[in-house]
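Work through the exercises below with the sequence and the model open. Try each task before reading its solution.

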Amino acid sequence: LLTVPLLLVELVAVLALAKAAQSSILNRLVPAAAAMIVLGYPGDAKLDLWGIGASWWGLFSTIPFLYILYVLFIELGKSLTRQSEAVQKKVKLLRLLLIAT
């Protein structure tokens, strides 16, 4: 419950975005991370809550995860315009790494 939201906060912090942009992104990412964890736990624990099997909980937790990837991919792309060429190259690789993992 702690590591995923903290990793998202750290990632946003290193983007060097304006405070308003950071706040906006974090207000979207942290609740999505919490939803991903809460929805994924019953599946991971193999609980059968309300007649919903573990595979369905895994599918439900994938939805906020895909949202997190989408927000990060878009925001990383927006940050490229304010970066040097070397940083742009690294951020582009980071975006690909996010999608690949």
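The expected span of a helix is 1.5 Å times one less than its number of residues. The model used here is predicted.

**Exercise 1. Compare the span of α4 with its expected span.**

Solution.
- Step 1. Helix α4 has 16 residues.
- Step 2. From the first C-alpha of α4 to the last, the reach is 23 Å.
- Step 3. At 1.5 Å a residue, 22 Å is expected, and the reach of α4 is close to that value.

**Exercise 2. Describe the fold in outline: how many helices and strands are there, and in what pattern do they follow one another?**

Solution.
- Step 1. The protein contains 4 helices and 0 strands.
- Step 2. Along the sequence, the pattern reads α-α-α-α.
- Step 3. The protein has 101 residues, and 31% of them count as buried.
- Step 4. Take the contacts between residues at least 6 apart in sequence: 50% of these join residues at least 24 apart.

**Exercise 3. Find which residues of α4 are buried and which exposed residues lie on the face turned away from them.**

Solution.
- Step 1. Buried means under 20% relative accessible area, and exposed means over 50%.
- Step 2. V91, R95 and L98 are buried in α4.
- Step 3. These residues sit on the same side of α4, because the arc they cover around the axis is only 60°.
- Step 4. On the face turned away from this buried side are the exposed residues E85, A86, K89, K90, L93, L96 and A100.
- Step 5. Q88 also belongs to helix α4. With a relative accessible area of 23%, Q88 is partly exposed.
- Step 6. Beyond its neighbours within four places in sequence, Q88 is in contact with L80 and Q83.
- Step 7. Q88 and G77 are 11 residues apart in sequence, and their C-alpha atoms are 9.1 Å apart in space.

**Exercise 4. Locate the largest nonpolar core and say which helices supply at least two of its residues.**

Solution.
- Step 1. The largest nonpolar core has 14 residues.
- Step 2. The residues with the most contacts inside this core are L8, L29, I68, L72 and L98.
- Step 3. At least two residues of the core come from each of α2 (19-44), α3 (54-79) and α4 (85-100).
- Step 4. Take I68 as an example: leaving aside neighbours within four places in sequence, I68 is in contact with L8, L29, A32, A33 and M36.

**Exercise 5. Examine the stretch that UniProt annotates as a transmembrane region, then place S61.**

Solution.
- Step 1. According to the unreviewed UniProt entry, the annotation "transmembrane region" covers residues 54-74.
- Step 2. In the model, residues 54-74 are 100% helix and 0% strand.
- Step 3. The C-alpha atoms at the two ends of residues 54-74 are 31 Å apart.
- Step 4. S61 lies in helix α3.
- Step 5. S61 has a relative accessible area of 12%, so S61 is buried.
- Step 6. Not counting residues up to four places away in sequence, S61 touches M36, L39 and G40.

**Exercise 6. Sort out the aromatic pairs: how many are there, and which residues form the cluster?**

Solution.
- Step 1. Two rings pair if their centres lie within 6.5 Å. The count comes to 3 aromatic pairs.
- Step 2. The ring centres of W50 and W57 are 6.1 Å apart and the planes are at 50°, so this pair is tilted.
- Step 3. W50 is exposed at 74% relative accessible area, whereas W57 is buried at 7%.
- Step 4. W56 and F60 also form a tilted pair, with 6.2 Å centre to centre and 40° between the planes.
- Step 5. W56 and F60 both lie in helix α3, 4 residues apart, which is about one turn of the helix.
- Step 6. F60 has a relative accessible area of 27% and is partly exposed.
- Step 7. Ring pairs join W50, W56, W57 and F60 into a cluster.

**Exercise 7. State where I52 lies and what it contacts.**

Solution.
- Step 1. I52 is in the loop between α2 and α3.
- Step 2. I52 counts as partly exposed, at 23% relative accessibility.
- Step 3. Apart from neighbours within four places in sequence, I52 is in contact with L47, W57 and F60.
- Step 4. I52 and P42 are 10 residues apart in sequence and 9.2 Å apart in space, C-alpha to C-alpha.

Definitions and conventions. Residues numbered from 1 in each chain as written. Predicted model: local features only at pLDDT ≥ 70, side-chain atom pairs only at ≥ 80, totals over all residues. Heavy atoms only, no water. UniProt positions renumbered as here; feature names shortened; annotations may be inferred. Core = buried A, V, L, I, M, F, W, Y, C linked by side-chain atoms within 4.5 Å. Buried < 20%, exposed > 50% of the residue type's maximum accessible area, 1.4 Å probe, protein only. Contact = heavy atoms within 4.5 Å. Phe/Tyr/Trp six-rings, centres within 6.5 Å; stacked < 30°, edge-to-face > 60°. Arc of directions from axis to C-beta.
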